[in-house]
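Reader: Please take me through one part of this model closely. I would like the open sheet, with enough background to know how far to trust it.

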Amino acid sequence: MTRFSKIRRACLIILQLALARSSLSETGPRPSRSPTPVYTFHIVHSFPHDSSAFTQGLAWRDGFLYEGTGLKGASSLRKVRLETGEVVRRSDLAPDLFGEGITFYGNEILQLTWLSERGFVYDAEDFRLLRQFSYRGEGWGLATDGRSSEIFMSDGTAEIRVLDGGTLTEKRRLTVRDGAKAIDQLNELEYVEGEIFANVWQSDRIARISPKTGQVLGWIDLTGLLSPLYRRDGGAVLNGIAYDPVHKRLFVTGKLWPTVFEIRLLSAGRSQKPAKAGQRGEPHQVLVRSSVSTPVESRADRPPK
Ligand SMILES: [Ca+2]
């Protein structure tokens with residue numbers, strides 16, 4: 001065999017191997033991923049909400065809702081009586097500021113602004129302004145787990161910044177993905193039983209996110225929670241999640257919505273035995289579990305109309 005023939009034969013073998021591999025990849029098994037679980041809801045209670053409040057942050061502590069509102073000239077921090085919607089304490093931002101997310105950190109409340117790169121720290125008891133802090137870019141949502149010294153901050157992208165609670169400086173970032181797809185427009189946040197819940201701006205969905213990996217563990221579909229009749233404004237979208245960890249109550253609302261809803265999560269599309277008599281509508285049932293693979297409740301548990 002001449003040298004040329006050897007080279008030609010080697011080339012043919014390489015070509016055949018490449019074709020065989022290509023054929024295998026077309027017909028062989030592809031890596032697959034189970035669909036991300038989707039949860040729906042059952043309304044446990046409805047409470048009045050100030051329909052002029054452009055909700056940008058929502059939190060719960062010791063029997064009261066705390067709310068941060070936006071829009072220039074209408075931005076505020078509020079302490080709200082859940083049952084009546086009464087604002088029992090309020091501090092307004094300067095009219096040139098657009099308020100955003102809030103969260104508790106110890107006995108303080110932090111509040112972001114949208115484009116001003118300025119954050120505020122208040123005494124949680126009397127709303128006295130204690131100090132300011134700064135950050136780069138946009139400020140959207142805030143949350144903390146209440147135990148570690150970390151604070152989660154969204155900025156409208158698919159990234160969640162992790163801040164040191166003591167210095168309010170950035171430690172690292174999570175990129176939020178559902179499978180391989182980055183999920184951006186992450187807005188108001190809440191830490192719920194080991195997960196970060198995030199409103200996705202201009203959608204009826206809340207992403208349940210792993211605070212370790214940024215992976216979306218599940219979706220909460222809140223379509224139909226508020227009748228479109230009450231959405232008076234194009235900006236009146238779902239935004240605002242608060243969690244009462246003591247009684248395991250989950251609250252959601254929206255910008256300019258007339259209602260705060262306490263909801264219980266349902267596992268969509270999975271049947272389960274009906275709840276025992278007397279359980280329906282009680283506020284202290286399990287709302288969420290730390291493992292999203294565990295069904296929470298089924299549609300079958302919805303009370304009949
Ligand atoms: Ca929140």
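Author: Start with the fold as a whole. Residues 24 or more positions apart make up 52% of the contacts with a separation of 6 or more. A contact means two C-beta atoms, placed from the backbone, within 7 Å. The model is predicted: local features need pLDDT of at least 70, side-chain atom pairs count only at pLDDT 80 or more, and totals for chains, interfaces and linings use all residues. Residues are numbered from 1 along each chain as its sequence is written.

The protein has one helix and 22 strands. These are DSSP runs, numbered from the N terminus: helices are H or I with at least four residues, strands are E with at least two.

Now the sheet. Strands 2-3-4-5 form an open sheet in that order, with antiparallel pairing. Two strands pair if DSSP finds at least two bridges between them. Strand 2 (55-61) and strand 5 (87-92) are the edges, each pairing on one side only. On average, neighbouring strands here are turned by 15° against each other, direction ignored. Axes for such angles are lines fitted to C-alpha atoms.

Look closer at one edge. Strand 2 is joined to strand 3 (residues 64-69) by six bridges, and the two run antiparallel. Within this pair, G57 stands opposite G68 of strand 3.

Last, confidence. pLDDT is the predictor's confidence in each residue, from 0 to 100. It averages 83 over the protein, and 76% of the residues score at least 70. Residues 17-28 stay under 50, with zero contacts beyond four places in sequence. Residues 270-305 also stay under 50, but have 60 such contacts. Where pLDDT is low, the predicted coordinates should not be read in detail.

Definitions and conventions
Axes are lines fitted to C-alpha atoms, for helices over the stretch in contact, and angles run from 0 to 180 degrees between N-to-C directions.
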